Amino acid sequence: MAAIDYDSKIPNNVDLGNDRRLQRALEAWQPNFIDWWMEMGPEGFQQDDVYLRTAVSVDRDGWAVFGHVKMPDYRWGIFLTPLEDDRKVNFGDHMGDPAWQNVPGEYRNVLRRIIVTQGDTEPASVEQQRMLGHCAPSLYDLRNLFQVNVEEGRHLWAMVYLLHRYFGRDGREEAEALLARRSGDQDSPRILGAFNEPIDNWLDFFCFTTFTDRDGKYQLRALAESGFDPLARTCTFMLTEEAHHMFVGQTGVQRILTKTAEIMKSGDPKKQGAIPIDMIQKHINLWYSLSLDLFGGEDSSNAATFFGAGIKGRDREHRLDEHTALDQYYAMPKPGADGKVAVEDVPLRRAMNEVLRDAYVEDCEKVVKSWNRALEGAGCDLRLTLPSRRFHRQQGLYEGLNYDPDGNWMTAEQWAARRDEWLPSKADRDYVRSLMTKAVTEPGQFADWIDPPARGINGQPLEFEYVKFCRHGA
Ligand SMILES: [Fe+2]
Ligand SMILES: [Fe+2]
């Protein structure tokens, strides 16, 4: 089961060759995916050879190989972790039943919705990042961007497989629609807010991969617990790939921080082409708050349904002691009309989005701690923080209310007057962009606003030619 069949048109470990109808349907979707990739994937680099990793097994050790590949030739495929004998539904009202190998009729619509919503984020991020190659700070970073992009493409494949395999005609229509929506488009936007926001520069990109890909980690962890077994096994393998995306983000921000700290020793970072710490803080505030929204409403009947049904668990549900979440309450702060917050007991199942958000916030706090250690190590006294989770929210209880990064309520006028202190202003964005007017393409060279990484990819040196350009190509 763990071995991946690379001989067939669509690499897979789901024995696709034995389901001719499904194979034909996916082979018909494949050229549409490639058309989408050529139109909306990384702009201007499709003929270049990129040092990419490709999954060759779903085993924890030695699951990937590295080699130079043109992105359109990447072997996107369908990889699930092995079927476990006797796996059960491990939480909610069906606890103890055998895990479902097919979609239970009563949950068909909610499951499809969850899979489509997850699937929609994958191509969306590729679209958001498609112009970044033109201002990459190094070949190393350019390669990392493309690695993230091809893997998000593979995550789309993962969700499209589920739609085609388990949802019949509706599923096939949803799979087409996943290639038709466009990030940021007025008429046909992507489903979730953060995935329609522009990613114009590499600070955005590193914050996005730190905070928004990390939302993905928690959504995937919750779905990896699912009683719908194929979804659980798909998400478990996606998490293996996802780890690299967060690594790219976290180390990317850190390399900017240490560079800035170094330059600050001899004066104003802005005069010397570095990104000031307060500008970095504003980008953190932006992407962290946009990502908090992705968890959904704090008090949510949908969340209760998903948990009760055994479709979406908590972060590492299998490690918890109690799995019904009945007769338990979550002490949830809720804002009144004047923005003042009072704690209310909410039935735990209704609070499952907030429970998942708690796990996410804790993880993000660790990231910020590590950045602060890096600042300290570089001899800089400034520190970064995460804003309050009430800050800049566009979903849930705090939607339409205004709070500063410390969580103090304010009027819309007060917010408007101070917004640019807390979120990237037009001037900030222009400045960051002014540092990134062209790509650094000499092997081993790095842009002036970022430090080199501690080591290369897959044991290769920093001077390695991570991307080989084909100058006379497209
Ligand atoms: Fe993904
Ligand atoms: Fe990702």
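Reader: Is R181 buried, exposed or partly exposed?
Author: This is a predicted model, in which local features need pLDDT of at least 70, side-chain atom pairs count only at pLDDT 80 or more, and totals for chains, interfaces and linings use all residues. Residues are numbered from 1 along each chain as its sequence is written, while chains are lettered from A and ligands numbered from 1 in the order in which they are written. Burial is judged by counting other C-beta atoms (placed from the backbone) within 10 Å of a residue's own: 20 or more is buried, 12 or fewer is exposed, and anything in between is partly exposed. R181 has 18 such neighbours, so R181 is partly exposed.

Reader: Which residues does R181 touch, not counting those up to four places away in sequence?
Author: Start with where R181 sits: the loop between helix 4 (168-180) and helix 5. Helices (H or I, at least four residues) and strands (E, at least two) are DSSP runs, numbered from the N terminus. A contact requires two C-beta atoms, placed from the backbone, to lie within 7 Å. By that test, and with sequence neighbours up to four places away set aside, R181 touches D120, S188, P189 and R190.

Reader: Thanks! And R214, is that one buried or exposed?
Author: R214 belongs to helix 5 (residues 202-224). Helix 5 is mostly covered, with 22 of its 23 residues buried. R214 has 23 C-beta neighbours inside 10 Å, so R214 counts as buried.

Reader: Which residues does R214 touch beyond those up to four places away in sequence?
Author: G379 makes a useful reference point, as R214 and G379 are 165 residues apart in sequence and 28 Å apart in space, C-alpha to C-alpha. The contacts of R214, leaving out residues up to four places away, are M246, Y360, D363 and C364.

Reader: Where is the kink in helix 5 centred?
Author: The end-to-end span of helix 5 agrees with expectation, because its 23 residues should cover 33 Å and its end C-alpha atoms are 31 Å apart. That expected span is 1.5 Å times one less than the number of residues. A bend is taken as the angle between axes fitted to the seven residues ending at a position and the seven starting there. In helix 5 the kink comes to about 35 degrees, centred on F208.

Reader: Which helix gives the most to the largest nonpolar core?
Author: Such a core is a set of buried Ala, Val, Leu, Ile, Met, Phe, Trp, Tyr and Cys residues joined through C-beta atoms within 7 Å. The largest one holds 110 residues, and V160 and I280 touch the most other members. With 16 residues, the top contributor to this core is helix 3 (residues 139-166).

Reader: What is I280 in contact with, leaving aside neighbours within four places in sequence?
Author: I280 shares with V160 the distinction of touching the most other members of the largest nonpolar core. Outside its neighbours within four places, I280 is in contact with L203, V253, I256, L257 and I275.

Reader: Which strands stand at the edges of the sheet in the order 2-1-7?
Author: Two strands count as paired if DSSP finds at least two bridges between them. The 3 strands here form an open sheet with antiparallel pairing. Two of them have a single partner each, so one side of each is left without a neighbour in the sheet: strand 2 (64-70) and strand 7 (467-468).

Reader: At about what angle does helix 3 run to strand 1?
Author: Strand 1 (residues 49-55) is joined to strand 7 by 2 antiparallel bridges, and D49 has K468 as its bridge partner in strand 7. Helix 3 packs on this sheet, touching strand 1 and strand 7. Angles run from 0 to 180 degrees between N-to-C directions, using axes fitted to C-alpha atoms, for helices over the stretch in contact. Between the directions of helix 3 and strand 1, the angle is about 45 degrees.

Reader: What stands opposite L52 in strand 2?
Author: Strand 1 and strand 2 pair in the antiparallel sense over 7 bridges. Within strand 2, the residue opposite L52 is G67.

Reader: Which helices do the buried residues of helix 1 pack against?
Author: Helix 1 (residues 20-40) has 21 residues. Its buried residues are L26, W29 and W37. They pack against helix 3 and helix 4.

Reader: Last one: what is phi of H392 near?
Author: H392 lies in the loop between helix 9 (352-377) and strand 5 (402-403). H392 has 23 C-beta neighbours inside 10 Å and therefore counts as buried. Its phi is positive, in a residue other than glycine, and near 55 degrees.
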